[in-house]
Amino acid sequence: MVGEPPSYVAECFWPGVRSSDLHALDVRALARAAACSRAGEDVRYLGSILLRDDEVVLCRFQGSEAAVRRAAVEAEIPFERILA
């Protein structure tokens with residue numbers, strides 16, 4: 001039995017983030033994760049979580065750390081770090 005791929009979040013400090021920013025980010029991240037998967041890197045975008053009081057957005061992914069980082073960079077997610 002094969003386990004699920006590891007999960008990661010791309011952590012973004014994002015003062016002033018708006019709902020429209022998150023929608024655009026989600027669209028880009030879904031598209032880039034799908035493109036990476038088609039290219040042979042198993043990665044899925046699971047959505048974003050906004051911590052409004054902290055001005056932080058967490059973008060959730062499944063896949064290898066390298067594939068998650070590539071998808072996040074290509075989706076132009078303004079992340080500070082990738083966390084397991």
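Analyst: Two strands count as paired if DSSP finds at least two bridges between them. Strand β1 (residues 7-13) and β4 are joined by three bridges in the antiparallel sense, so they meet that rule. Strands (E, at least two residues) and helices (H or I, at least four) are DSSP runs, numbered from the N terminus. The model is predicted, with local features needing pLDDT of at least 70, side-chain atom pairs counting only at pLDDT 80 or more, and totals for chains, interfaces and linings using all residues. Residues are numbered from 1 along each chain as its sequence is written, and side-chain values use heavy atoms, leaving out hydrogens and water.

User: How do you know that β1 and β3 pair?

Analyst: Seven bridges join β1 to β3, and the rule asks for at least two, so the two strands pair. They run antiparallel. Within this pairing, C12 stands opposite V57 in β3.

User: Which residues stand opposite A10?

Analyst: In β3, the bridge partner of A10 is C59. In β4, A10 faces I82.

User: What makes β2 and β3 a pair?

Analyst: Eight bridges link β2 and β3 in the antiparallel sense, so the requirement of at least two is met. R44, for example, stands opposite Q62 in β3.

User: In what order do the strands form the sheet?

Analyst: The order is β2-β3-β1-β4, in an open sheet of four strands with antiparallel pairing. The edge strands are β2 (43-51) and β4 (81-83), each of which pairs on one side only. From one strand to the next, the twist averages 25°.

User: Which helices pack on the sheet?

Analyst: Helix α1 (residues 19-38) touches β2 and β3 (56-63) (contact means heavy atoms within 4.5 Å), and its direction makes about 160° with that of β2. Helix α2 (residues 65-74) touches β1, β2, β3 and β4, and its direction makes about 130° with that of β3. Such angles run from 0 to 180 degrees between N-to-C directions, with axes fitted to C-alpha atoms, for helices over the stretch in contact.

User: Why are α1 and α2 called oblique to each other?

Analyst: Their axes come within 8 Å and cross at roughly 135°. Angles under 35 degrees count as roughly parallel, over 145 as roughly antiparallel, 65 to 115 as roughly perpendicular, and the rest as oblique. The crossing angle belongs to the rest, and therefore the two helices are oblique.

User: Which residues of α1 and α2 meet?

Analyst: R32, A33 and C36 in α1 meet R70, A71 and E74 in α2. By class, this contact has three nonpolar, no polar and three charged residues.

User: Why is A31 called partly exposed?

Analyst: A31 lies in helix α1 and has 42% relative accessibility. Buried means under 20% relative accessible area, exposed means over 50%, and partly exposed is in between (1.4 Å probe, protein chains only). A31 falls in between, so it counts as partly exposed. The C-alpha atoms of A31 and Y45, 14 residues apart along the chain, are separated by 8.9 Å.

User: How do you know whether D21 is buried or exposed?

Analyst: D21, also in helix α1, has 18% relative accessibility, so it counts as buried. Leaving aside residues up to four places away in sequence, D21 touches W14 and G16.

User: How many residues of β3 are buried?

Analyst: Seven of its eight residues are buried, and β3 is mostly covered.

User: What makes the phi of E55 worth a remark?

Analyst: Most residues other than glycine have a negative phi. E55 is not a glycine, yet its phi is positive, at about 55°. E55 is found in the loop between β2 and β3, a hairpin with four residues between the strands. Its relative accessible area is 32%, so E55 is partly exposed.

User: Why is E76 described as exposed or buried?

Analyst: The relative accessible area of E76 is 60%, which is over the 50% limit, so E76 is exposed. E76 is found in the loop between α2 and β4. Its phi is also positive, near 60°, in a residue other than glycine.

Notes: Nonpolar A, V, L, I, M, F, W, Y, C, P; charged D, E, K, R; others polar.
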